[in-house]
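This report starts with the chain as a whole. It then turns to a few selected residues.

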Amino acid sequence: MPVGERNEAVTVVGAGLVGSLLSVFLARRGYSVEVLERRPDMRREVIDAGRSINLAISTRGLYALRQVGLEEEALKHAIPMRGRMIHPPKGALAYQPYGKDDSQHINSLARAWLNKFLMSAAEATGKVRIRFNQRVTQADLATGSLTVLDEASGQERQEAGRVLFGTDGSGSAVRQAMEQVPGFAATQEQLGHGYKELTIPAGPGGAFQMEKHALHIWPRGTYMLIGLPNEDGSFTCTLFLPWKGPVSFESLDSPAKLEAFFEEQFPDAKALIPDLTEAFFARPTGGMVTVKCAPWRVGDKALVLGDAAHAIVPFFGQGMNCGFEDCTVLDGLLEQHGTWADVFGTLERLRKTNADAIADMAVENFVEMRDSTGSPRFLLEKAVEKALLNAFPGEFVSRYSMVSFSRVPYRLAYEVGAIAGGIVSELSEGLTRAEDVDLGRAKQLIQERLVPFMKEHADGFRTQG
């Protein structure tokens, strides 16, 4: 059926961030959307306590919200983070701006708030029905029909075949059904680290006890702590540790060991977390996985999006942004009124290579955040990078700025970032101060290496947020 024929009923499996936003986009196109969500309604029940990593919404995610009129309200609940604040075990803090100036920033946003907001926005269209406690146990991708267990009543039923969208996360039931289709392939790579959520509460009168407009990082080589600000003056902190080893979740098996570890490695954070021991041992430890699969679709019947198609680790702050970008690309294809098979095939062609690129960059950024952000060499190179961004606007670009502050395809950002990083590294050799960088040599290297690449891929670089 041509996607231009409106009033068609479709099914979305998963009412998380991507599924809820996708439902808004589909409803705006005239589709009647049934959303099946495994969890209870989080607007009425507290679920998954202790498993949230705050969102860092940036240009790609904000652009998606803007298309459906939701950006302005979301930004009312977001806190701009203009750079990283690095906390060494001892000594002064070090601030690293994200962009060339304060106008380039990412935004801390509570995951639970945004998910509730998007679910309500979907229902407000009058075209979306979200059914909770609905577990998909089987999917017939030849017809789109589903076997669904109502976990509240214990009753199982059959859902009639419709066009099916799987937005049900990294453990997607829809993707698992696709594994039975000949030619389908998927990989899941577990990161050797887990994470634990902790909280720095607000100070007196709701005051922030650390710099409000920064993402705080305590880099310690094989592990790290991060902290993102919340509306109420608190910080959601996330401790990333190896599962096993000398310093790991396995080794921190007593309150005494935990207290001693924090006192040695994160003394300033420890002083601000009054319930450290209680929270650490009471809250669950989460895992992180990179999922890649192909194809993303089955004919004109089913498509996976977001984490169901490309789960990534959270260290570039792009998981949600990438999933939201899936929605904007899909919406643009729906505007063209092709068949579902055409839309699904084109979406995969446009998105698969970019999703793989940001997945790889996220793992690389984890290594950078935990190992490099506190090193003098890294700080120097970041300062040189900022000097080049300001000295050569439009000619010199950084990987981070393209990923976070533009809608340039991730694959191009990955490739041009390698070129730009090489230029910065070469110019930083022998320097002790970024102010002494040779701008004449910089211009030559940019003209020789970076400008030709950007001209060759000019169409991609025109996609700005």
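## Overall fold

Of the 465 residues in the protein chain, 53% count as buried. The model is predicted. Its secondary structure comes to 16 helices and 19 strands. The radius of gyration of the protein chain is 23 Å, close to the 23 Å that the globule rule gives for 465 residues, so the chain is as compact as a globular protein of that length. Along the principal axes, the C-alpha trace spans about 65 × 60 × 45 Å.

Consider the contacts in the protein chain with a separation of 6 or more: residues 24 or more positions apart account for 71% of them.

## Surface and charge

The protein chain exposes about 19,000 Å². Carbon and sulfur atoms supply 50% of that area. The chain carries 50 positive and 58 negative charges. The mean positions of these two sets are 2 Å apart.

## Asn54

Asn54 sits in the loop between β2 (32–36) and β3 (55–57). Is Asn54 buried or exposed? Its relative accessibility is 10%, and the cut-off for buried is under 20%, so Asn54 counts as buried.

The side chain of Asn54 makes two kinds of link worth tracing in the view. One is a polar contact of 3.4 Å with the side chain of Ser108. Another polar contact, of 3.3 Å, joins the side chains of Asn54 and Thr236. Ser108 and Thr236 also appear among the contacts of Asn54 beyond four places in sequence, together with Leu109, Leu228, Pro229 and Asn230.

## Arg28

Arg28 belongs to helix α1, which covers residues 17–28. Its relative accessible area is 47%; partly exposed runs between 20% and 50%, so Arg28 is partly exposed.

Which residues does Arg28 contact, leaving aside its neighbours within four places in sequence? They are Gln67, Val68 and Asp331. Asp326 lies 298 residues from Arg28 along the chain. The C-alpha atoms of Arg28 and Asp326 are separated by 16 Å.

## Backbone details

Two loop sites deserve a look. Ala294 and Pro295 are joined by a cis peptide bond, with omega about -5°. Pro295 lies in the loop between β17 (286–294) and β18 (297–298).

Asn133 is in the loop between β8 (128–131) and β9 (134–140). Its phi is near 60°, a positive value in a residue other than glycine.

Key:
Residues numbered from 1 in each chain as written. Predicted model: local features only at pLDDT ≥ 70, side-chain atom pairs only at ≥ 80, totals over all residues. Heavy atoms only, no water. Helix = DSSP H or I, 4+ residues; strand = E, 2+ residues; numbered from the N terminus. Buried < 20%, exposed > 50% of the residue type's maximum accessible area, 1.4 Å probe, protein only. Contact = heavy atoms within 4.5 Å. Rg over C-alpha atoms; globule rule 2.2 N^0.38 Å. Areas by Shrake-Rupley, 256 points an atom, 1.4 Å probe, with all protein chains shown as cover. Lys, Arg positive; Asp, Glu negative; His and termini not counted. Charge placed at Lys NZ, Arg CZ, Asp CG, Glu CD. Polar contact = N/O pair within 3.5 Å; in protein donor to acceptor, adjacent residues only side chain to side chain.
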